[in-house]
Amino acid sequence: MAAPMDVLIVEDEMIIAMDMEALIVDCGHEVVGAAVSLQEVEALPADLNPQLALVDLHLAQGSNGFEVCEHIKERWPEALIVFMTANVSKIPKDYSGAHGVIAKPFSHAGVVSALRYLSEGVFDPPPSVPRPSSLETSEHLRQRWRKD
Amino acid sequence: MKQRDDWHLTDALDYEHGRGDPFAAAVRATRMPMVITDPHQDDNPIVFCNVAFQELTGYDREEIIGKNCRFLQGPETDPASVALVRTAIEQGHDIDVDLLNYRKDGSIFWNALYLSPVRDAAGAIRFFFASQLNVTERVEAQQIINQQKALVEREVERRTADLRDALEAKTILLHEVDHRVKNNLTMIGSLLRLQARSIDDPAIVAKLDNMLERVDALAVVHRQLYQSEDIATFDIGLFAESLARDVIGSSGRVDIKLALRTRSLMVDSAHASALGLILNEILTNAIKHGFADGRSGTLALFTGEERGQGTIRICDDGPGMPATRRTKSIGAALITRLVRQVQAQVKWSDNAPGTCVTITFPKSETP
């Protein structure tokens with residue numbers, strides 16, 4: 001198992017957020033924050049420093065995943081941003097600066113293998129395992145891991 | 001000047017039968033309205049008109065002779081058409097044009113005017129000859145046709161716009177329903193996983209995991225359906241391949257090799273979920289029993305056509321298993337019932353070593 005990551009979950013559907021938290025903990029990572037909207041992400045404590053943010057596109061309080069993505073890029077420039085959505089087609093080619101997407105409905109195996117791939121990339125890029133089909137990644141993430 | 005005076009001779013013909021030119025007599029007597037104008041006189045006046053022309057216009061000869069032809073025009077006459085006639089006269093060539101003209105009593109008629117110059121031996125223009133034909137009925141019929149055509153075109157355009165709007169609304173609705181189905185499938189998966197987490201009994205957890213696998217299989221069916229362009233048919237070949245990869249991937253069994261011999265195989269979309277569930281049962285069963293206790297091996301998957309029927313065959317090279325033992329599980333019951341639902345047939349056979357399961361079913365009617 002790769003080293004534990006600090007993970008931020010941004011998801012307005014509570015049941016899915018609970019499931020994600022459990023999956024992440026099962027994989028040996030730590031959930032450092034959970035938010036349902038851009039407003040809640042903005043209100044997260046200052047000392048937080050997530051390495052991975054899993055972000056739903058549709059969020060509470062009229063906010064959306066793209067806004068959260070902009071905010072995270074500004075506040076934690078090093079963090080990986082992975083969208084989790086049932087609307088993969090809404091994601092632009094450049095991923096709006098995010099690094100990947102996991103399509104809903106996701107399977108347990110799909111999330112587990114995606115987390116393994118991402119954590120290997122975070123701590124020792126590039127990942128040793130092949131990219132799982134459950135995870136699509138952006139061109140700039142592949143570039144970033146190639147350079148490292 | 002002598003020659004131009006010839007017309008007066010032919011005028012006299014009207015009164016003095018048998019005199020002069022038989023062609024002139026024919027022009028007088030024809031039912032086709034005709035006039036002759038003299039461009040050498042001031043304002044190109046009419047110097048001759050026949051009876052048919054008088055009848056068409058309602059004017060007497062005395063009122064016609066000496067006037068320019070424009071006296072037939074009125075407020076609704078198209079100036080552009082008149083300009084064509086003027087240009088033809090200036091340039092000395094013939095012209096064929098429909099003009100809206102006015103009778104003496106103010107009524108209107110459509111005049112199919114044909115005007116041509118009459119040249120002498122040296123090629124100089126001596127007169128203009130014009131024949132008129134009352135084509136009011138034709139022009140009005142054409143106008144009615146044009147109006148009807150415009151009306152029909154407008155109506156077609158409106159209906160097309162309506163249909164386009166309806167299609168757009170339907171598409172939006174379909175996407176919305178899709179989105180809800182996806183969300184609900186995601187939530188069902190999450191609920192089952194959360195529940196499984198709280199259970200200590202491994203037998204019950206295993207049963208819940210089976211349920212999760214079924215829900216995941218349905219999710220894959222749905223994902224493939226909504227990502228495809230064609231919503232009437234479903235590629236069960238493509239599905240079988242991705243499901244086999246998923247099932248082996250999620251089992252974490254890197255020691256099971258996958259031998260694929262698959263090609264696209266279309267079935268009716270209505271059968272997609274049932275066939276998807278059948279395949280899920282057979283595949284997960286093969287992994288759990290064919291490769292039990294960490295035994296490595298190869299899982300072979302064939303999709304294609306045999307004897308005109310869609311065929312999927314899944315073979316393991318494990319210890320094999322008597323068919324009677326399968327009937328106890330919910331999985332076997334699911335297979336039996338679902339197979340009937342989609343008019344498919346399923347057959348277990350010995351793979352020596354291992355087991356082969358062959359599913360045959362009618363292919364989609366659409367190619």
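Start in chain B of this predicted model and select helix 6 (residues 136–197) together with helix 7 (residues 202–227): the two pack at an angle of about 165°, with their axes 10 Å apart. Angles over 145 degrees count as roughly antiparallel, so helix 6 of chain B and helix 7 of chain B earn that description. Their crossing is left-handed.

Now show side chains along that pair. From helix 6 of chain B, the residues in contact include V181(B), L185(B), I188(B) and L192(B). Facing them from helix 7 of chain B are, among others, L208(B), L212(B), V215(B) and Y226(B). There are charged residues in the list too, including D178(B) and K182(B) on helix 6 and D209(B) and D216(B) on helix 7.

While chain B is on screen, zoom out for a moment. Chain B holds ten helices and twelve strands. Of its 367 residues, 26% are buried. Among contacts in chain B with a separation of 6 or more, 57% join residues 24 or more positions apart.

**Crossing over to chain A**

Keep helix 6 of chain B selected and add helix 1 (residues 14–26) of chain A. At what angle do helix 1 of chain A and helix 6 of chain B pack? The angle is about 50°, and the axes lie 9 Å apart. That makes helix 1 of chain A and helix 6 of chain B oblique to each other. Helix 1 of chain A passes helix 6 of chain B in a left-handed crossing.

Pick out I15(A), I16(A), M18(A), D19(A) and A22(A) on helix 1 of chain A. On helix 6 of chain B they meet a group that includes T186(B), M187(B), L191(B), L194(B) and R197(B). R193(B) is worth a click: this residue is on the list of helix 6 residues that meet helix 1 of chain A, and also on the list of those that meet helix 7 of chain B.

Next, select the whole contact between the chains. It takes 16 residues from chain A and 19 residues from chain B. On the chain A side, helix 1 and helix 4 (108–123) are the elements that give two or more residues. The largest share of that side, five residues, comes from helix 1 of chain A.

**Inside chain A**

Hide chain B and colour chain A by secondary structure. You should find five helices and six strands, running β-α-β-α-β-α-β-β-α-β-α from the N terminus on. Buried residues make up 45% of the 148 residues here.

Select the strands alone. They form an open sheet of six with the order 2-1-3-4-5-6 and mixed pairing. At the edges sit strand 2 (30–35) and strand 6 (135–137) of chain A, each pairing on one side only. Neighbouring strands of this sheet are turned by 20° against each other on average, ignoring direction.

Bring helix 1 of chain A back into view. The helix you met at the chain contact also packs on the sheet, touching strand 1 (6–10), strand 2 and strand 3 of chain A. Its direction makes about 165° with that of strand 2 of chain A. Then add helix 3 (residues 65–75) of chain A, which packs on the sheet as well and touches strand 1, strand 3 and strand 4 of chain A. The direction of helix 3 makes about 160° with that of strand 3 of chain A.

**A closer look at strand 3**

Centre on strand 3 (residues 52–56) of chain A. Is this strand enclosed or open? Five of its five residues are buried, so strand 3 of chain A is largely enclosed by the rest of the structure. Turn on its side chains: L52(A), L54(A) and D56(A) point one way, A53(A) and V55(A) the other way. In a regular strand, side chains alternate between the two faces of the sheet.

Look to each neighbour in turn. Strand 1 of chain A pairs with strand 3 of chain A in the parallel sense over four bridges, and L54(A) is the bridge partner of I9(A). With strand 4 (residues 80–85) of chain A, strand 3 also pairs in the parallel sense, over five bridges. There, V55(A) has F83(A) as its bridge partner, and D56(A) has M84(A).

**Last stop: confidence**

Finally, colour chain A by pLDDT. The average is 88, and 97% of the residues score at least 70. Within chain A, strand 1 has the highest confidence, at 96, while helix 5 (residues 139–147) has the lowest, at a mean of 81.

Note on methods:
Residues are numbered from 1 along each chain as its sequence is written. Chains are lettered from A and ligands numbered from 1 in the order in which they are written. This is a predicted model: local features need pLDDT of at least 70, side-chain atom pairs count only at pLDDT 80 or more; totals for chains, interfaces and linings use all residues. Two strands pair if DSSP finds at least two bridges between them. Axes are lines fitted to C-alpha atoms, for helices over the stretch in contact, and angles run from 0 to 180 degrees between N-to-C directions. Two residues are in contact if their C-beta atoms, placed from the backbone, lie within 7 Å. pLDDT is the predictor's confidence in each residue, from 0 to 100. A residue is buried if 20 or more other C-beta atoms lie within 10 Å of its own, exposed if 12 or fewer, and partly exposed in between; C-beta atoms are placed from the backbone. Angles under 35 degrees count as roughly parallel, over 145 as roughly antiparallel, 65 to 115 as roughly perpendicular and the rest as oblique. A crossing is left-handed if the near helix is turned anticlockwise from the far one by less than a right angle, and right-handed if clockwise.
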